[in-house]
Amino acid sequence: MSEKTGTFVVTHAEDESAVVRDVDTAQVHTLASNPGLEVHDVLEATVAPEPPLDVAWEVIDVEDRRSIDLVDSDLEPTQHERELAADSEVDDLVQEERAGTGEIHVFCVSEGEVEPAAQDVLADEETIARAARLEAVRVEVRRSADDGVVSVRYLPD
């Protein structure tokens, strides 16, 4: 195996080791040591297998490091987000680029499914990976039980 350069999200971190996931390929790399990484950190980095067995990896270069804040907001979706949801069917996902950087994802859910859907988004590792791909540093999940709408805002800051 050879070194690999890409964008990685930290999915697990302990004092002695960490696990990073390539956000483009979903390949998982277990690091033999933890160079101060925390869960939800995003690295633009190069990793390489650690000799002699090449089963664990090490970070050999970090071009950029940032954290992604995952926010379970008590705010409701904006009027615009509710309008996007009104034009879609239950369980359809509507994606819209934000002015500048980031995206807004909005979906309608069945009655009684708003809170479980919001919690699923917050717990899903892919939410953080998507934020890393979009260069977001904050993910804000909003919901409205009355409207059956969940919005996920991938924000640059």
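Mentor: Let's start with one word: buried means under 20% relative accessible area, exposed over 50%, and partly exposed in between (1.4 Å probe, protein chains only). This model is predicted: local features need pLDDT of at least 70 and side-chain atom pairs pLDDT 80 or more, while totals for chains, interfaces and linings use all residues. Residues are numbered from 1 along each chain as its sequence is written, and side-chain values use heavy atoms, without hydrogens and water.

Trainee: Is Thr7 buried or exposed?
Mentor: Find Thr7 in strand β1, residues 4-13 (strands are DSSP E runs of at least two residues, helices H or I runs of at least four, numbered from the N terminus). Its relative accessible area is 12%. That is under 20%, so Thr7 is buried.

Trainee: Which residue of α3 does Thr7 touch?
Mentor: Contact means heavy atoms within 4.5 Å. Leaving out residues up to four places away in sequence, Thr7 touches Arg21, Asp22, Val23, Val42, Leu43, Glu44 and Ala132. The buried residues of α3 are Glu126, Thr127, Ile128, Ala129, Ala131 and Ala132. The name found in both lists is Ala132.

Trainee: What lies at the start of α3, and at what distance?
Mentor: Look at Asp124 and Glu126 there. A side-chain oxygen of Asp124 reaches towards the backbone nitrogen of Glu126, to within 2.9 Å.

Trainee: Which element gives the most to the largest nonpolar core?
Mentor: A nonpolar core joins buried Ala, Val, Leu, Ile, Met, Phe, Trp, Tyr and Cys residues through side-chain atoms within 4.5 Å. The largest has 21 residues, and Ile68, Phe107, Val141, Val150 and Val152 have the most contacts inside it. At least two residues each come from α2 (114-123), α3 (125-133), β9 and β10. With five residues, the top contributor is α2.

Trainee: Which residues of α2 does Val141 touch?
Mentor: Not counting residues up to four places away in sequence, Val141 touches Val71, Asp72, Ser73, Val150, Ser151 and Val152, among others. Helix α2 covers residues 114-123. The contacts of Val141 that fall in that range are Ala118, Val121 and Leu122.

Trainee: How many residues are in the other core?
Mentor: This other core lies apart from the largest one. Phe8, Val10, Val20 and Leu43 are among its members. Its residues number 10.

Trainee: Which residues of helix α1 are buried?
Mentor: Helix α1 runs over residues 79-86. What covers its buried residues includes β7 (93-97), β8 (103-108), β9 (138-144) and β10 (149-155). The buried residues are Glu81, Leu84 and Ala85.

Technical notes:
Polar contact = N/O pair within 3.5 Å; in protein donor to acceptor, adjacent residues only side chain to side chain.
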